[in-house]
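Subject: Structure handover

Hi,

Here is the structure I promised to pass on to you. My notes on it follow below; I hope they give you a good start.

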Amino acid sequence: VLNEAGKLIGINGLARDSVEKNNLRKSQNNKTSRISRYSYAVSINTFLRLVPQIKNSLPFSIPNTLLSQSTKGYDYFSQGILKKKRGDFKGAILDFTKYIRSYPNDALVYDERASTFGQSGDYKSAITDYNQAIRLNQNDPSLYYNRGKAHEESGDYKSAITDYNQAIRLEPNYTSAYVNRGNTHRELKEY
């Protein structure tokens, strides 16, 4: 994890967490889980304090210079997540955009940027990014659900229902999609 000045302040790890029906993947034992790149982290000071104890057991060597002065493409994703959590939507969108320049085929970053656009009220841009995320990962029901919410917020109820239907086709037990689809039908007075 880098701070705004580009200084290394922590280390992230890949994690698998149980969740409701958002960002779903089926594990080998058929339980629902979410793959999250940034669920667990340790501060750099904690890591450096542990290095003497674990250095010989690490499958890699630790360079003398732990951080180059330039921010790498991958780092922008982490920074974007942090800025989004702090409510700095403009900063988060800029960092996600920088990440996309290096990794244009990562559906997750389009989903994150779309969500950020939505939180800032820019539903047109959110829908554009959800479209790209879906092009890259057509079998993720949460992408259709999230795009459906953006359509609903923008007043395009028919498109929202279409997306909720697709999310349900991909994940028949997607409770939130059923609820939102029902609420959208109510908005259209389709009882």
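Let me begin with a lysine: Lys-84 has a relative accessible area of 16%, so it counts as buried. Please keep in mind throughout that this is a predicted model.

What does Lys-84 pair with? Its side chain meets that of Glu-112 in a salt bridge, at 2.8 Å from N to O. The two residues sit in distant parts of the chain, Lys-84 in helix H2 and Glu-112 in helix H4, 28 residues apart. Glu-112 is buried as well, because its relative accessibility is 17% and the limit for buried is under 20%.

**Helix H4**

That salt bridge leads straight to H4, which covers residues 107-119. With 13 residues at 1.5 Å each, this helix should span 18 Å, and its end C-alpha atoms are indeed 18 Å apart, so expectation and model agree. Of those 13 residues, 10 are buried, which means that H4 is largely enclosed by the rest of the structure. Among the buried ones are Val-109, Tyr-110, Arg-113 and Phe-117. What do the buried residues of H4 pack against? Their partners are helices H2 (73-85), H3 (89-102), H5 (123-136) and H6 (141-153).

Both ends of this helix have a detail to look at. The N-terminal end is capped by Asp-106, with a side-chain oxygen 3.0 Å from the backbone nitrogen of Leu-108. Just after H4 comes Gly-121, with a positive phi of about 90 degrees.

**More salt bridges**

The count for the model is 5 salt bridges. Besides the one above, Asp-163 and Arg-147 form a salt bridge in which the closest N and O atoms are 2.6 Å apart. This pair also links distant parts of the chain: Asp-163 belongs to helix H7 (residues 157-170) and Arg-147 to helix H6, 16 residues apart. Are these two partners buried or exposed? Both Asp-163 and Arg-147 are buried.

Glu-190 and Lys-158 offer another case, their side chains meeting in a salt bridge at 2.8 Å, N to O. Glu-190 lies in the segment after helix H8 (175-187) and Lys-158 in helix H7, so this pair ties together parts that are 32 residues apart in sequence. At 32% relative accessibility Glu-190 counts as partly exposed, while Lys-158, at 52%, counts as exposed.

In the segment after H8 you will also find Lys-189. Lys-189 has a positive phi of about 60 degrees although it is not a glycine. Why point this out? Most residues other than glycine have a negative phi. Lys-189 counts as exposed, because its relative accessibility is 62%.

**Aromatic pairs**

Searching the whole structure gives 5 aromatic pairs. One of them joins Phe-77 and Phe-96, a tilted pair with 5.7 Å from centre to centre and 55 degrees between the planes. Phe-77 is in helix H2 and Phe-96 in helix H3, 19 residues apart. Both are buried, Phe-77 with a relative accessible area of 1% and Phe-96 with 0%.

Tyr-145 and Tyr-164 form another tilted pair, since their ring centres are 5.8 Å apart and their planes are at 45 degrees. Tyr-145 lies in helix H6 and Tyr-164 in helix H7, so parts 19 residues apart in sequence are tied together. Tyr-145 counts as buried at 9% relative accessibility, as does Tyr-164 at 0%.

Finally, Phe-77, Phe-96, Tyr-99 and Tyr-103 form one aromatic cluster.

Happy exploring, and best wishes!

Terms used: Residues numbered from 1 in each chain as written. Predicted model: local features only at pLDDT ≥ 70, side-chain atom pairs only at ≥ 80, totals over all residues. Heavy atoms only, no water. Helix = DSSP H or I, 4+ residues; strand = E, 2+ residues; numbered from the N terminus. Expected span 1.5 Å × (residues − 1). Buried < 20%, exposed > 50% of the residue type's maximum accessible area, 1.4 Å probe, protein only. Contact = heavy atoms within 4.5 Å. Polar contact = N/O pair within 3.5 Å; in protein donor to acceptor, adjacent residues only side chain to side chain. Salt bridge = Lys/Arg side-chain N within 4 Å of Asp/Glu carboxyl O. Phe/Tyr/Trp six-rings, centres within 6.5 Å; stacked < 30°, edge-to-face > 60°.
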